[in-house]
Amino acid sequence: MPQPDFSRPILAVDTGTAYLSLALQADGQLYAEHLEAGNRQSEEILPRIAGLLAQAGIGAADLGTLVYAQGPGAFTGLRIGAGVVQGLAAPFDLPLIGIPSLDAAAALCPRRPAVLAATDARMGEVFYAWYDTENGQRHSPYQVGPAHGIRLPESLNGREVCGIGNAFALPEPPPFPGRSEMPTAADFLRLALSGRYPAVAAAEAELLYVRDKVALTAKEQAERRAAK
């Protein structure tokens, strides 16, 4: 398996939300796209990547590594992003680096001993995990559940919480102080450059699924409305 060559251009892709976020680092410059694509991710992603490569004056064969958002996040979007980076990497035997999306969110609260990264999981739930970004540690599994049920881990008792992620913009946010900022592809790229995340071959790229169910049935939706 080829190892990442960070001296060559690096392309990062995040399609785990309604936004299509791309970042290309080449010759010391950062080229980026970040747009609200909604259900147009599959239509926009390849032309936008081609545009970034053209700006930098390079082709896919010139890349040294590709970085992608592993999730958790939007099921279809994540699959689109992973499929595209696999398709770009395979012909040139390029390594891929997957970055968990909650890790990228937590990194927006640097040098903090108690960080709650929480993102909208739809269906009345949030994806979340606890971190100590001061020491580079994750203090909980990646989880999904109602925001009101999130509890501070005992290992972080007494620490001031820094909450981060779009779950804090929900009508019922987590019961901790936080801001709704979300990472972009440039943040995923920076985490990849840290060397903390392993590289894999294109055929071995995986996504991080915290739950298997991606939608409520009509009956479950009606029950939830009745409960409210």
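Let's start with helix 4. It is mostly covered, with 7 of its 9 residues buried. Keep in mind that this is a predicted model. The buried residues of helix 4 are A185, A186, D187, F188, L189, L191 and A192. What covers them? The cover includes strand 1, strand 2, strand 3, strand 4, strand 5 and helix 3. Just after helix 4 comes G195, and its phi is positive, near 80°.

Now the core. In soluble globular proteins, nonpolar side chains tend to be buried together. Here the largest nonpolar core has 45 residues. L24, I49 and L66 have the most contacts inside it. Several elements give two or more residues to this core, among them helix 4 (185-193), helix 1 (41-56) and helix 2 (75-89). Strand 1 (10-14), strand 2 (19-26), strand 3 (29-36), strand 4 (65-71) and strand 5 (96-100) are also on that list. There is a second, separate core of 14 residues. L102, C109, A129 and I164 are included in that one.

Take L24 as an example from the big core. Leaving out residues up to four places away in sequence, L24 touches P9, I10 and L11. It also touches Q29, L30 and Y31. Then come L52, L53, A56, I58 and L63.

Next, the domains. The domain assignment gives two. Domain 1 takes 10-100 plus 183-204, and domain 2 takes 102-179. Their C-alpha centres lie 25 Å apart. Each side of the contact is easy to state: 8 residues from domain 1 and 8 residues from domain 2.

How much area do domain 1 and domain 2 bury between them? About 760 Å², with 73% of it on carbon and sulfur atoms. On the domain 1 side, look at three prolines. P72, P100 and P183 supply 59% of the area that domain 1 buries against domain 2, more than any other three residues. As for charge pairs, the count between the domains is 0 salt bridges. Polar contact gives 4 residue pairs, both partners at pLDDT 80 or more. And helix 4 is back: with 3 residues, it gives the most to the side of domain 1 that touches domain 2.

Now S101. It lies in helix 3, residues 101-106. Is S101 buried or exposed? S101 counts as buried because its relative accessibility is 12%, and the cut-off for buried is under 20%. Setting aside residues up to four places away in sequence, S101 touches A69, Q70, G71 and P72, plus P183 and F188. P72 and P183 are two of the prolines I just named, and F188 is one of the buried residues of helix 4.

Over to L116. L116 sits in strand 6, residues 115-122. It is buried, with a relative accessible area of 0%. Beyond its neighbours within four places in sequence, L116 is in contact with Y128, A129, W130, I150, V161 and C162. The list continues with G163, I164, F168, P174 and F176. Of those, A129 and I164 belong to the second core. The C-alpha atoms of L116 and I150 are separated by 9.4 Å, and the two are 34 residues apart along the chain.

Last stop, P175. P175 lies in the loop between strand 10 (162-164) and strand 11 (178-179). With a relative accessible area of 48%, P175 is partly exposed. Apart from residues up to four places away in sequence, P175 touches A147, H148 and I150. I150 is also a contact of L116. From P175 to G163 is 12 residues along the chain, and their C-alpha atoms are separated by 9.5 Å.

Methods: Residues are numbered from 1 along each chain as its sequence is written. This is a predicted model: local features need pLDDT of at least 70, side-chain atom pairs count only at pLDDT 80 or more; totals for chains, interfaces and linings use all residues. Side-chain values use heavy atoms; hydrogens and water are left out. A nonpolar core is a set of buried Ala, Val, Leu, Ile, Met, Phe, Trp, Tyr and Cys residues joined through side-chain atoms within 4.5 Å. Buried means under 20% relative accessible area, exposed over 50%, partly exposed in between (1.4 Å probe, protein chains only). Helices (H or I, at least four residues) and strands (E, at least two) are DSSP runs, numbered from the N terminus. Contact means heavy atoms within 4.5 Å. Domain bounds come from an automatic or database domain assignment. Buried area is the accessible area (1.4 Å probe) that two parts lose on being put together, summed over both. A salt bridge is a side-chain nitrogen of Lys or Arg within 4 Å of a carboxyl oxygen of Asp or Glu. A polar contact is a pair of N or O atoms within 3.5 Å; within protein, one must be able to donate a hydrogen and the other to accept it, and residues adjacent in sequence count only if both atoms are side-chain atoms.
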